[in-house]
Amino acid sequence: MMSDRKPATAVLLAAGLGTRMKSSLPKAQHPLAGRPMLQHLIESCSAVFDRIIVVVGPGMEALEKAARPHTVVVQAERLGTAHAAMQAAGLFGEGDVAVLYADNPLITQSTLERLLATRRTTGTGLALLAMRPADPARYGRLVTRPDGEGGETVDRIVEWADASPEQRSIGLCNAGVLCAEARRFAGWLAQVRNENANHEYYLTDVVALAASEGAQVRYVEAPEEELRGINSRAELAEAEAVIQRRLRLRAMANGATLVAPETVFFSADTILGRDVTVHPNVVFGPGVTVGDGTEIRAFSHLEGAFIGERAMIGPFARLRPGTQVDAAAHVGNFVELKGTHLGAGAKANHLAYLGDATIGARSNVGAGTITCNYDGVSKHRTIIGEDVFVGSNSTLVAPLSLGDRAFVAAGSSITSSVPADGLAFGRARQETRADRAIELRARIRKEKR
């Protein structure tokens, strides 16, 4: 069925430089849970709004890339938040428009749905988000009055510096997000003036302009946790804690066991199957998928890896990008895999480095084994077939292949390929001389005198 509902557009202001963060990165590019904070806000908005427009500053190509495939416009001069929103006004189209800040990445889908629903309530000309922070500090205060219908309407926002003692006692604070019908919003933006100490065009002035035209201005209250901005490294760390708490709860709600949730760190795109068990102090970097029934033991670090069902990882394992661990395979303590495919039921249980390798099903790689994948110029691959046994402390010098069911003796340095069912030795012959230990100890004692 066709809907007559007009589209809704979100405009995300992301031109901030992050001066207080003392960083060369744009503020909105700083990562939370492994992705730029801008992308967290885009994810929430994508579930509510039909279109997204991102306003960036000049020279922010990396941030433009992070905004793809959404429309990007550039604010060539940073003349304030209303000026930034005006750069997108020509793209507002029809329907409703919400203007948000990229450094408020914690806003949830449900809060944005309430904001849009409030704007679409009969008689509401402008809707905004508000909060009651534990420390109102220097937030702008919402000055309200009864609307005659049992609710409240917002008359204006008073900035802390301009507020009277009575107004500073107001606990309801502005969160900066505004939503209005596109044509009216663009008209109010065009009326904003820069007659202030900083000579900037402030988005908050839209509220007073709307109220002066008789528009009903309503607010939607949401928790401070969602609406507080990020302006410093300390606030970035606080936001990371919020997102990690959300990700942990999501993982457990979807059927994973976190033995000590507060010690596990996720990326925003981490996928855990059902009945996965994650032990303490595990870190998931970007791009990790874990199959049902797998166990990730303590102090493991995973990034860019796919892990199949019923696998065993760790403790103290490191899986680097390009790694695939198939069903029921084992990666044990102090084992590092990079660009490696470990086949179903294969095992590397102790103290190994396996880089750029393909290891067949049910093969066993002994403790201390390494694949020598780099010759100083190029990377080379090691191919190990199925049911292969690689003895402890073996060095496999790539490019190299070991055929199915091959056997490599412990302590070998293998530089040539081994055929299926072959047995390879690559070490110096041992010599044993009877009673020479007695003579050696006597000589050492004599030299010490």
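Let's start inside helix H9, where Leu-236, Ala-239, Val-242, Ile-243, Gln-244, Leu-247, Arg-248 and Ala-251 are buried. Keep in mind as you look that this is a predicted model. What do the buried residues of H9 pack against? Their partners include two helices, H1 (37-46) and H8 (224-227), together with the strands S2 (31-32), S12 (257-258) and S13 (271-272).

The length of H9 offers a neat check on its geometry. The helix runs over residues 233-253, which makes 21 residues. At 1.5 Å a residue these should span 30 Å, and the end C-alpha atoms are indeed 30 Å apart, so the expected span and the model agree. If you carry on along the chain after H9, you will meet Gly-255, which has a positive phi, near 110°.

Now let's step back to the whole chain. Its secondary structure amounts to 10 helices and 37 strands. How does the radius of gyration compare with that of a compact globule of 449 residues? Such a globule would have a value near 22 Å, whereas the chain has 31 Å. Along the principal axes, the C-alpha atoms fill a box of roughly 105 × 70 × 40 Å.

Burial and contacts add to the picture. Of the 449 residues in the chain, 47% are buried. Taking contacts between residues at least 6 apart in sequence, 41% join residues at least 24 apart.

Finally, turn to the surface and the charges. The accessible surface of the chain is about 21,700 Å², with 51% belonging to carbon and sulfur atoms. The chain has 50 positive and 49 negative charges, and their mean positions lie 9 Å apart.

Technical notes
Residues numbered from 1 in each chain as written. Predicted model: local features only at pLDDT ≥ 70, side-chain atom pairs only at ≥ 80, totals over all residues. Heavy atoms only, no water. Helix = DSSP H or I, 4+ residues; strand = E, 2+ residues; numbered from the N terminus. Expected span 1.5 Å × (residues − 1). Buried < 20%, exposed > 50% of the residue type's maximum accessible area, 1.4 Å probe, protein only. Contact = heavy atoms within 4.5 Å. Rg over C-alpha atoms; globule rule 2.2 N^0.38 Å. Areas by Shrake-Rupley, 256 points an atom, 1.4 Å probe, with all protein chains shown as cover. Lys, Arg positive; Asp, Glu negative; His and termini not counted. Charge placed at Lys NZ, Arg CZ, Asp CG, Glu CD.
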